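Dear colleague,

I am passing on a structure that you have not worked with before. Please have a look at it first, and then read my notes below.

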Amino acid sequence: MTTPCIISVAITGSVPRKKDNPAVPVTIAEQVESTHEAYEAGATLVHLHVRDENENSSSDRSSFEKLQDGIRKHCPDIIIQFSTGGRGRSFEQRGAMLDLRPDMASLATGSVNFPTTVYENPPDFVRALAKSMLDYDVKAEIEIFDLAMLYATANLVQEGLLKSPVHVQFVFGIKNALPARREILEFEVKQLKALLPDATWTAAGIGRTQLEVNHWTLEMGGHCRTGLEDNVRWDKDTLATSNAQLVERVAKLCGEYGRPVATPKQARDMLKLKPL
Ligand code: ZN
């Protein structure tokens, strides 16, 4: 049987702003609305950041709480994933909302250069964040920005800091990190299968690589990520009009590869999430 495809939507992020694309949802009301539209279009997992009134990345716990409550009301079974990413947040702040017990949270297992900064994830911090996710029963989505992070993930599983099966996201197209080259993804997936045979995986292409990476993962049996966090454009000449528009594009693509779009129940079963 063909594996249904879990479509993740990263609706906001911490970089794109309204001036990049007015469709980027920034306020909590806009984020709830945008998630709801994306959910109706086939997204079963939403990746979330929150912003302050100046559109800067924030770690305000009460904003995460309001956002989670709003989304739960409109999309009761969507998988909610909080970002623990950097960009203006201290180490302490990055995990300070995990006690809200979202279904999932992102976890990068190493450090990497970004276009103009270092995305810092020192070993002790990674371990503390993984432990905190275990304590609150939050499943990690492992963000692989560089190959070493994959082996670091296998070590964390061995140490008991990550529960199997793990869910991994390979990230491509960020300047100074891994370029979007299919051979790299193929190698990474092969290594993942050797190290952690029961793992599930997806991949994200940043910027103009988004759609191409969607094609690769569908063909290779992985899941898909899309959304305005990663890419604000529809094509060279036009901006995307909404997160839902980008989700619809992936849902259509699933059909072309003979992959059904996963329902929330199927997605939860595949990721072995705790019951709602
Ligand atoms: Zn993010």
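**Notes on the cysteines and the zinc site**

Cys75 has a relative accessibility of 0% and therefore counts as buried. Please keep in mind, here and in what follows, that this is a predicted model. The sulfur of Cys75 has its closest cysteine sulfur in Cys5, and because the two are 18 Å apart, they are too far from each other for a bond. Cys5 is likewise buried, with a relative accessible area of 0%.

When the whole structure was searched for disulfides, zero were found. Cys5, accordingly, is in no disulfide, and the nearest cysteine sulfur to its own, which belongs to Cys224, is 3.9 Å away, whereas a disulfide calls for two cysteine sulfur atoms within 2.5 Å.

The other finding concerns the zinc ion, which is coordinated by NE2 of His47, NE2 of His49 and, counted twice, OE of Glu229, at 2.1 to 2.7 Å. The angles that these four donor atoms subtend around the zinc ion run from 52 to 132°, which makes the arrangement irregular. Along the chain, the donors of the zinc ion follow the spacing H-x1-H-x179-E. His47 lies in strand β2 (residues 45-48), while Glu229 lies in the loop between β12 (223-226) and α8 (243-256), so the pair ties together parts that are 182 residues apart in sequence. As for their surroundings, His47 and Glu229 are both buried.

With kind regards

Methods:
Residues numbered from 1 in each chain as written. Predicted model: local features only at pLDDT ≥ 70, side-chain atom pairs only at ≥ 80, totals over all residues. Heavy atoms only, no water. Donors = N, O, S within 2.8 Å, 3.2 Å for Na, K, Ca; no water. Tetrahedral: all angles 85-135°; square planar, octahedral: opposite > 155°, others 65-115°. Helix = DSSP H or I, 4+ residues; strand = E, 2+ residues; numbered from the N terminus. Buried < 20%, exposed > 50% of the residue type's maximum accessible area, 1.4 Å probe, protein only.
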